[in-house]
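The exercises below are meant to be worked through with the sequence and the model side by side. Try each task before reading its solution.

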Amino acid sequence: MPRHIYTEDHDAFRASVRTFIGRTVRPRAAEMIADHTIPRGIWREAGRQGLFGLCIPTEFGGAGADDYRFNAVLAEEEAAFAQALASCFGIHADVCPPYVVALGTPQQQRRWLPGMAAGELICALAMTEPSGGSDLAALRTTAARDGGGWVINGSKTFITNGHQCDLAIVAARTDESKGARGITLFVLEAGTPGFTKGAPLDKVGQDEADTCELFFDDVHVGDEQRLGPEGGGFVAMMQHLTQERIGSAITNLAQCSAILRETLDYVKDRRAFGQPIGSFQANRFTLAELVTAVDVAQAYVDDCVLAHASGRLSAVDAAKAKWWTAQVQNDTLDACLQLWGGYGYMNEYRVARAWRDARVTRIWAGSNEIMKEIIGRDLGLDERGRA
Ligand SMILES: Cc1cc2nc3c(=O)[nH]c(=O)nc-3n(C[C@H](O)[C@H](O)[C@H](O)COP(=O)(O)OP(=O)(O)OC[C@H]3O[C@@H](n4cnc5c(N)ncnc54)[C@H](O)[C@@H]3O)c2cc1C
């Protein structure tokens with residue numbers, strides 16, 4: 001089904017992203033998967049190509065593009081063609097910069113944004129803790145007043161870009177008595193005494209991502225590393241999670257659409273019982289269902305992209321896009337893998353890795369259950385809401 005949300009400018013940007021991925025990323029995909037890391041040179045090259053600074057103002061080395069559709073194009077191309085970027089660029093380019101742009105002081109913006117845009121300062125967002133990720137308001141990492149600054153203690157886990165990060169935006173509790181309103185954000189720089197990183201975690205998929213634990217053991221930082229107002233961390237995370245979730249939805253669909261297209265080619269060639277396996281009615285019906293699910297979801301996500309580009313996307317609509325596309329993606333990839341037969345189970349084939357990579361999309365950035373909680377709460381069904 002033709003899509004209508006992009007202009008010639010977006011198409012030109014898409015072509016440049018695809019060229020970058022084809023020349024710089026894909027030839028090294030196997031190496032990145034084996035090493036669980038994206039080489040620094042690739043980060044810098046992406047920075048030089050202008051992929052990391054879309055929302056960063058031009059005075060700090062970004063593009064200052066006030067149009068989320070460019071971010072969407074980047075997310076689609078990475079998911080469909082890179083074959084090995086996991087969510088690393090997405091977290092660095094689409095998730096972290098908006099925090100510094102929206103909440104940073106002019107000094108903080110001068111200190112960090114140019115390096116982020118250039119791909120020199122790799123960025124992570126550290127919210128989840130070993131004790132839990134869904135219930136963010138219950139996080140246990142603390143930041144206590146220490147003269148004019150702060151001393152941070154605690155740990156985070158499952159942090160994308162964690163092992164390589166130069167900067168980590170860390171959510172910490174600054175007031176035990178205030179629940180969600182007692183959480184504040186800080187920017188921690190790698191190398192700060194007491195800030196250490198675990199080894200990349202052994203995951204089911206997303207092999208190339210250096211997801212790891214972060215540890216804070218009496219980390220002293222000045223007040224100039226507090227990002228946004230004291231006690232404003234939870235609200236900031238909730239506001240910015242809307243973009244993270246629509247970004248996830250875009251990626252979910254782009255990744256499974258690409259594999260579905262590859263599968264459609266495969267089933268036309270692969271033969272059994274004297275005919276292409278795609279020509280069996282059972283498989284035609286399966287493929288018809290998959291194409292329908294992806295196309296219908298794409299129309300909703302495109303609408304969300306337009307809404308977000310004009311500042312109208314609600315947290316509830318983003319939650320719908322995130323969980324639904326995660327489900328469509330997982331269902332689609334499982335069916336595609338089946339159609340590839342034994343080859344589909346071989347890591348050498350993209351469909352196998354895509355299937356493994358996709359499992360996490362129902363968990364991260366707010367699980368499907370948490371998305372349904374957000375949507376359900378908006379329906380006015382809560383007993384307390386009627387009291
Ligand atoms: C590969 C990977 C990368 C990640 N990257 C990052 C990152 O960069 N930064 C970061 O901060 N975090 C990151 N995460 C963490 C991720 O966001 C969390 O795993 C997620 O939010 C779930 O938290 P949890 O794992 O602690 O599960 P829990 O919160 O312990 O939840 C366990 C299960 O209980 C369910 N559950 C919880 N509450 C409810 C409820 N109210 N109703 C019904 N069911 C419920 C959940 O849906 C889930 O199925 C990453 C995770 C992975 C696996």
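A residue is called buried when its relative accessible area is under 20%, exposed when that area is over 50%, and partly exposed in between, using a 1.4 Å probe and the protein chains only. The model is predicted, so local features need pLDDT of at least 70 and side-chain atom pairs count only at pLDDT 80 or more, whereas totals for chains, interfaces and linings use all residues. Residues are numbered from 1 along each chain as its sequence is written, and side-chain values use heavy atoms, with hydrogens and water left out.

**Exercise 1. Decide whether Gln329 is buried or exposed, and find what its side chain meets.**

Step 1. Locate Gln329 in helix α9, where helices (H or I, at least four residues) and strands (E, at least two) are DSSP runs, numbered from the N terminus.

Step 2. The relative accessibility of Gln329 is 2%, and therefore the residue counts as buried.

Step 3. Leaving aside residues up to four places away in sequence, Gln329 touches Asn252, Gln255, Cys256, Ala358 and Thr361, a contact being heavy atoms within 4.5 Å.

Step 4. With Thr361, the side chain of Gln329 also forms a polar contact of 2.7 Å; such a contact is a pair of N or O atoms within 3.5 Å, and within protein one atom must be able to donate a hydrogen and the other to accept it, while residues adjacent in sequence count only if both atoms are side-chain atoms.

**Exercise 2. Work out which residues of helix α11 are buried, and what covers them.**

Step 1. In α11, which spans residues 368–377, the buried residues are Asn368, Met371, Ile374 and Ile375.

Step 2. Viewed down the axis of α11, these residues fall within an arc of 120°, so they line one face of the helix; the arc is taken from the directions from the helix axis to the C-beta atoms.

Step 3. Glu369 and Arg377 are exposed on the other side of α11.

Step 4. The cover over the buried residues includes α7 (233–269) and α9 (315–339).

**Exercise 3. Describe the shell around the ligand and the polar atoms that face the ligand.**

Step 1. Around the ligand there are 18 residues, of which Thr128, Gly133, Ser134, Ser367 and Glu369 come nearest; a residue belongs here if one of its heavy atoms lies within 4 Å.

Step 2. β1 (123–126), β3 (149–159) and α11 each supply at least two residues of this shell.

Step 3. An N or O atom in the side chain of Thr128 is 2.7 Å from a nitrogen atom of the ligand. A polar side-chain atom of Ser367 lies 2.5 Å from an oxygen atom of the ligand, and a backbone N or O atom of Ala365 lies 3.3 Å from an oxygen atom of the ligand.

Step 4. The ligand taken alone exposes 970 Å², and the protein buries 65% of that, with areas from the Shrake-Rupley method and a 1.4 Å probe.

**Exercise 4. Place Asp207 and identify its polar partner.**

Step 1. Asp207 sits in the loop between β6 (195–197) and β7 (212–221).

Step 2. Its relative accessibility is 12%, so Asp207 counts as buried.

Step 3. The side chain of Asp207 makes a polar contact of 3.1 Å with the side chain of Arg356.
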